[in-house]
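Hello,

Here is the structure I promised to hand over. Have a look, and then read on for my notes.

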Amino acid sequence: MVTQPEQKIESTFSKIIRLLRWNKPEGRLILMIPGLWAVFLAAQGKPPLPLVGVIILGTLATSAVGCVVNDLWDKDIDPEVERTKNRPLASRTLSIKIGVVVAIVGMACAAILAFYLNPLSFWLCVAAVPVILLYPGAKRVFPVPQLVLSIAWGFAVLISWSAVTQNLSQPTWLLWGATVLWTLGFDTVYAMSDREDDKRIGVNSSALFFGDYVEMAIAVFFIGTVGLLIWLGIVTHLHIAFWISLVIASAGWVWQYLRLIKADLPAAAYSEMFRQNVWIGFILLAGMIVGSF
């Protein structure tokens, strides 16, 4: 008699971990990077450790909220997309009620952390909330929803920088611009794997908007990122370590572009390049820290 192997039953806790994407840390880390760039640059490489902790925990909380809100918006779309069909809300293995509760808890945690910050940073946190909550809906009405995501990412720079200096100056906006362009670049790369599904379902993405010129658009975003980081390095008088890290990052982006223009890339290649941007971000962070002294 042949017996079927027992299927492992996934716990609710494990489903919530997947809902928050904590089983895929690269997405959490890549949001954390701009905030860390800002807090270390604003403090000239020596920020207060408690503030660094607040920035790290705050990005974890807000990215968790963003993931849950995204999945609540897309619970009827995600089942139609190969990459997202097994997400807990899409596969109905986790209830909407639990998803809402998790989002509320995440927002409460983020709010508690925001009270640690000065008034300007606190109100920037408040201003970021509508962008985070409305981003998932942007793909239904806005041709380049990745721009909305990039602006949400940029709030990490504004909040973290002002948490140190209590103001927003020229270097802040240079780093903000670099962050927005970098995010547009790597998230457009990520969106390229979903082009066929997005087209079939009828949702927007930058990968569809730029069409045959998508690789060139990504190159422009990364070139703009490098240009703004060069400007930032000059006005903040960063030393050799930063310039070395920027050369390494630039080489990484050039390599990604050369890979993107090859025909018939497997879908996994786009996710791989997304993860590579996490390493690029941390290399730049190291350069900013050491180059500040």
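Below are the notes on the cores, one arginine and the cysteines.

This is a predicted model, in which local features need pLDDT of at least 70 and side-chain atom pairs count only at pLDDT 80 or more, while totals for chains, interfaces and linings use all residues. Residues are numbered from 1 along each chain as its sequence is written, and side-chain values use heavy atoms, leaving out hydrogens and water.

The largest nonpolar core (buried Ala, Val, Leu, Ile, Met, Phe, Trp, Tyr and Cys residues joined through side-chain atoms within 4.5 Å) has 67 residues, and W37, L175, W182, L229, W253, L260 and L284 touch the most other members. Helix 2, residues 26-42, gives the most to this core, with 11 residues; helices here are DSSP runs of H or I, at least four residues, numbered from the N terminus. A second, separate core of 8 residues includes L20, L89, V102 and A103.

R28 is also in helix 2. This arginine is buried (under 20% relative accessible area, with exposed over 50% and partly exposed in between, 1.4 Å probe, protein chains only) yet has no salt bridge, meaning a side-chain nitrogen of Lys or Arg within 4 Å of a carboxyl oxygen of Asp or Glu. The nearest side chain of opposite charge, E26, is 7.2 Å away. A polar atom of the R28 side chain does lie 3.2 Å from the backbone oxygen of R21.

Finally, the whole structure has 0 disulfides (cysteine sulfur pairs within 2.5 Å). For C125, the closest cysteine sulfur, in C109, is 14 Å away, too far for a bond. C125 is buried at 19% relative accessible area, whereas C109 is partly exposed at 38%.

Best wishes

Methods
Helices (H or I, at least four residues) and strands (E, at least two) are DSSP runs, numbered from the N terminus. Lys and Arg count as positive and Asp and Glu as negative; His and the chain ends are not counted. A polar contact is a pair of N or O atoms within 3.5 Å; within protein, one must be able to donate a hydrogen and the other to accept it, and residues adjacent in sequence count only if both atoms are side-chain atoms.
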